[in-house]
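Here is a short briefing on one chain fold. It goes through the sheet, the helices packed around it and the unusual backbone spots.

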Amino acid sequence: MEPIYLNSLNSTEFKKIIDSFDYVFSDCDGVIWSDVPYPGVGEFFHRIKQLGKTVQFVSNNSVRSRKKYEDLFDAANIKCGFENLIIPSIAIAEYLNASNFDKTVYCMTCPETINILKSYGLKCKNGPEDGAELYTSYLDYFDDDDEIGAVVFDNDYNINLAKMYKAITYLRRPEVIYLSGASDHYVYLKRGYISLGPGLFNNVVNEETNRVPIVLGKPGELLGEFAMKRSGVTEPSRVLFIGDMIKQDVGLGKVAGFKTLLVLTNHTREDMMAHPHLKPDFYADSLGSLVPILNNVCLLDIKAKSSI
Ligand SMILES: [Mg+2]
């Protein structure tokens, strides 16, 4: 089915769509904010909650500290944002603890992920942060470490060959748990500028070890299950998943059975239509652009309730 352009609907048509779900799961970067919040997003979520929907935020970004997340949610005028946020580092920590994991985690991640894992009582190792001067020095990184029982791969801005050799060495033991968070091949810095994402480096390790990680980031199905469990969702089709990325957000929505809304902040309508199989159910210019029509839906809702 063709994606429905929400900005073109009238209030009655829009209300029908709103009434078809009970939960709204939303991505953050590119949906709520870029470096600062997009206009009108706070109002959008305020109205959505007013209409009785349960809101949860699902981001692939584990590199931001709790304080920075809280500041951004505050700036966007969204209450209790961090308390309702799921990021890969939290999902990974909860996954390992649920598996009664008691060994050490080798982290190819940002420091914030290590902080989160430690806050859940997990032992962590990481580094080295510098590569070697000579190729022969890399031999040092082929030594196994029996303490390591899991390798976690997520955004690491200081990724280097030494860390990759270490991860490959540990993962040669089949009992070592292999987990990944964000699997993005590219990260949008701003319109027209992209950087190489963790997924590309993750693929090298996969190829060398002939292993596939358990993915606890979008578009991994497990993250969708994790989010549903947290909100007590029993019927995935009653969830609307909002995102700006086709592969990660629409992709997660499809594997989890959610309805999906793509906001065109980083992709154009042409990009969306060009994807061979990942089409959202709905698309919109931005969340703020839907506020006027959402205000009318709230009025219709009040009217409907007062006539009962
Ligand atoms: Mg995003």
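The points below are grouped by topic. The model is predicted. Its seven-stranded open sheet has the order β1-β14-β13-β12-β2-β3-β4, with parallel pairing. Strand β2 (residues 23-26) has both faces covered. Two cis peptide bonds precede prolines, one from Gly 127 to Pro 128 and one from Lys 218 to Pro 219.

**The seven-stranded sheet**

- The strand order is β1-β14-β13-β12-β2-β3-β4, and the sheet is open.
- β1 (4-5) and β4 (85-86) stand at the edges. Each has a single partner strand, so one side of each has no neighbour in the sheet.
- Helix α8 packs on this sheet and touches β2, β3 and β4. The direction of α8 makes about 145° with that of β3.
- Strands of a sheet pair through backbone hydrogen bonds, in either a parallel or an antiparallel sense.

**Strand β2 and its two neighbours**

- Tyr 23 and Phe 25 lie on one side of β2, and Val 24 and Ser 26 on the other. All four are buried.
- On one flank, β2 pairs with strand β3 (residues 54-58) in the parallel sense, over four bridges.
- Val 24 has Val 55 as its bridge partner in β3. Phe 25 stands opposite Gln 56 in β3.
- β2 also runs parallel to strand β12 (residues 239-243), and four bridges join the two.
- In β12, Phe 241 is the bridge partner of Phe 25.
- How is the link from β2 to β3 built? Helix α2 (residues 41-50) joins β2 and β3 in a right-handed β-α-β unit.

**Helix α2 against helix α11**

- Two packed helices are described by the angle and the distance between their axes.
- The axes of α2 and α11 (residues 291-306) come within 10 Å. They cross at roughly 20°.
- Angles under 35 degrees count as roughly parallel. The helices α2 and α11 are therefore roughly parallel to each other.
- Is their crossing left-handed or right-handed? The crossing of α2 and α11 is left-handed.
- From α2, the contact uses Glu 43, Phe 44, Arg 47 and Gln 50. From α11, Val 291, Leu 294, Asn 295 and Cys 298 meet them.
- An α-helix has 3.6 residues a turn, so residues three or four places apart point the same way.

**Strand β7 and its partners**

- β7 (148-153) is mostly covered, with six of its six residues buried.
- β5 (104-108) pairs with β7 in the parallel sense over five bridges. Tyr 106 has Val 151 of β7 as its bridge partner.
- β7 pairs in the parallel sense with strand β8 (residues 177-180) too, over four bridges. Here the bridge partner of Phe 153 is Ser 180 in β8.
- Helix α6 (residues 161-171) completes a right-handed β-α-β unit with β7 and β8.

**Helix α4**

- Which residues of α4 are buried? They are Pro 88, Ser 89, Ile 90, Ala 91, Ile 92, Ala 93 and Leu 96.
- These buried residues pack against β4, α5 (111-119), β7, β8 and α8.
- Just after α4, Asn 100 takes a positive phi of about 55°.

**Positive phi outside glycine**

- Asn 100 sits in the loop between α4 (88-98) and β5 (104-108). Asn 100 is a residue other than glycine, yet its phi is positive.
- Is Asn 100 buried or exposed? Asn 100 has 6 other C-beta atoms within 10 Å. The cut-off for exposed is 12 or fewer, so Asn 100 is exposed.
- Asn 210 also has a positive phi, near 60°. Its place is the loop between α7 (198-209) and β11.
- Asn 210 is exposed as well, with 8 other C-beta atoms within 10 Å.

**Cis peptide bonds**

- The bond from Gly 127 to Pro 128 is cis, and omega is near 5°. Pro 128 lies in the loop between β6 (123-126) and β7 (148-153).
- Lys 218 and Pro 219 are joined by a cis peptide bond with omega of about 10°. Pro 219 lies in the loop between β11 (214-215) and α8 (221-231).

Notes:
Residues are numbered from 1 along each chain as its sequence is written. This is a predicted model: local features need pLDDT of at least 70, side-chain atom pairs count only at pLDDT 80 or more; totals for chains, interfaces and linings use all residues. A residue is buried if 20 or more other C-beta atoms lie within 10 Å of its own, exposed if 12 or fewer, and partly exposed in between; C-beta atoms are placed from the backbone. Two strands pair if DSSP finds at least two bridges between them. A crossover is right-handed if, with the strands pointing away from the viewer, the path from the first strand over the helix to the second runs clockwise. Axes are lines fitted to C-alpha atoms, for helices over the stretch in contact, and angles run from 0 to 180 degrees between N-to-C directions. Angles under 35 degrees count as roughly parallel, over 145 as roughly antiparallel, 65 to 115 as roughly perpendicular and the rest as oblique. A crossing is left-handed if the near helix is turned anticlockwise from the far one by less than a right angle, and right-handed if clockwise. Two residues are in contact if their C-beta atoms, placed from the backbone, lie within 7 Å.
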